[in-house]
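Here is a walk through one protein model, from its pockets to its charged pairs. Keep the structure open while you read.

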Amino acid sequence: MTEETADVSGIAERLARVRSEIADAAKTAGRSPESVRLLAVSKTKSATAIRAAYEAGQRDFGENYAQELVEKAEALADLRDLRWHAIGTLQRNKAKAVARIAAVFHAIDREDIAIEIAERAAQAGRVIDALIEVNVGGEASKGGVAPSEVRGLFERARGLEGLRLVGLMTIPPPSDDPSLSRPHFARLRAIRDELGGASVVPELSMGMTHDFRVAIEEGATIVRVGTAIFGARGV
Ligand SMILES: *Cc1c(COP(=O)(O)O)cnc(C)c1O
């Protein structure tokens with residue numbers, strides 16, 4: 001068995017485990033399991049692996065790089081109800097491809113990207129759901145807008161044709177201890193509440209393989225999980 005086949009054969013089982021952990025975390029938090037959407041992050045993984053997850057019932061898939069998204073969307077075009085999420089920082093010249101393919105864009109980090117995505121989606125006769133990426137940890141190296149800038153960007157982006165502003169996304173500073181992510185997740189939720197709460201900003205995209213349980217306890221509506229489903233990515 002090649003390494004890829006070994007990986008693919010375990011996907012349905014790992015997916016089932018992640019789903020049950022999501023349901024457990026939701027119940028612990030007094031939430032309904034249906035209030036949390038699992039986004040399978042498939043970056044660097046093959047179309048075969050994605051197809052295996054699809055066959056196990058998974059429908060939402062996340063990709064970081066526009067080129068990879070384009071190639072996989074083409075290879076998997078027969079899976080009509082598969083939803084692509086673009087989750088990586090985007091350059092303007094890639095906006096057209098993303099706006100044509102993605103159902104959801106998680107990484108609005110400046111006004112010109114919001115405008116470009118919106119225009120390209122409108123040209124394609126589509127409406128793309130979008131989330132503002134917030135740099136809650138204040139890390140200089142990290143994408144996303146500062147918490148103090150969210151409201152301004154939110155007000156400017158929300159009226160754009162072709163784009164429906166549905167939420168906020170964050171990536172906390174890396175750590176081995178998931179509990180260290182908690183204050184960052186709580187902060188994102190607080191920023192959401194300052195914008196008017198869940199009725200105005202329904203989606204909170206937060207939590208990855210190591211900390212999605214904590215994210216759910218703090219109100220995540222979308223968790224972005226790669227490694228726990230597809231196995232480790234090569235480095
Ligand atoms: C890679 C990635 C993930 C998934 O990370 P895992 O630790 O493999 O679950 C989630 N969100 C973003 C933005 C990513 O780039």
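## Pockets, a cavity and salt bridges

The second largest pocket takes up about 180 Å³. Of the 13 residues lining this pocket, Arg19, Val36, Arg37, Leu38 and Gln58 sit closest to its centre. Bear in mind that this is a predicted model. Helix H2 and strand S1 each give at least two residues to the lining of the second largest pocket, and H2 provides the largest share, with 3 residues. Sorted by class, that lining has 5 nonpolar, 2 polar and 6 charged residues.

Now for the largest pocket, with about 440 Å³ of space. Its lining runs to 23 residues, and Lys43, Asn64, Ile87, Gly88 and Ile171 are the ones nearest the centre. Here the split is 9 nonpolar, 8 polar and 6 charged.

There is also 1 cavity of 30 Å³ or more, and its volume is about 50 Å³. Residues lining this largest cavity include Glu63, Asn64, Tyr65, Leu69, Ile87, Gly88 and Val98. So Asn64, Ile87 and Gly88 turn up in the cavity lining and also among the residues nearest the centre of the largest pocket. By class, the cavity lining has 7 nonpolar, 3 polar and 1 charged residues.

Back to H2, which covers residues 11–28. This helix has 18 residues and spans 26 Å from first to last C-alpha, close to the 26 Å expected at 1.5 Å a residue. Which of its residues are buried? They are Ile11, Arg14, Leu15, Val18, Ile22, Ala23, Ala25 and Ala26. As background, an α-helix has 3.6 residues a turn, so residues three or four places apart point the same way. Just after H2 comes Gly30, with a positive phi of about 70°.

Thr44 also has a positive phi, near 70°, and this residue is not a glycine. You'll find Thr44 in the loop between strand S1 (37–41) and helix H3 (47–55). Is Thr44 buried or exposed? With 51% relative accessibility, Thr44 counts as exposed, because the cut-off for exposed is over 50%.

On to the charges. Side chains of opposite charge can pair when their charged atoms come close. The model has 21 salt bridges, and three of the pairs are set out below.

| Salt bridge | N to O distance |
|---|---|
| Arg83 and Asp60 | 2.8 Å |
| Lys72 and Glu63 | 2.9 Å |
| Glu218 and Arg189 | 2.9 Å |

Take the Arg83 and Asp60 salt bridge, at 2.8 Å. Arg83 belongs to strand S3 (residues 83–86) and Asp60 to strand S2 (residues 60–63), so the pair ties together parts 23 residues apart in sequence. Arg83 is partly exposed at 35% relative accessible area, while Asp60 is buried at 4%.

In the Lys72 and Glu63 salt bridge, both residues are buried. Glu63 is also one of the residues lining the largest cavity.

The third pair, Glu218 and Arg189, has its closest N and O atoms 2.9 Å apart. This one links distant parts of the chain, 29 residues apart: Glu218 is in the loop between helix H9 (212–217) and strand S8 (222–225), and Arg189 is in helix H8 (residues 182–194). Glu218 counts as buried at 10% relative accessibility, whereas Arg189 is partly exposed at 27%. Elsewhere, salt bridges that share partners join Arg37, Asp60, Arg83 and Glu203 into one network.

Definitions and conventions: Residues numbered from 1 in each chain as written. Predicted model: local features only at pLDDT ≥ 70, side-chain atom pairs only at ≥ 80, totals over all residues. Heavy atoms only, no water. Helix = DSSP H or I, 4+ residues; strand = E, 2+ residues; numbered from the N terminus. Buried < 20%, exposed > 50% of the residue type's maximum accessible area, 1.4 Å probe, protein only. Expected span 1.5 Å × (residues − 1). 1 Å grid on protein atoms, 1.4 Å probe; cavity = no way out; pocket = protein on both sides within 12 Å on 5 of 7 lines; lining within 4 Å. Points joined across faces, edges and corners; volume = space filled by probe spheres on them. Nonpolar A, V, L, I, M, F, W, Y, C, P; charged D, E, K, R; others polar. Salt bridge = Lys/Arg side-chain N within 4 Å of Asp/Glu carboxyl O.
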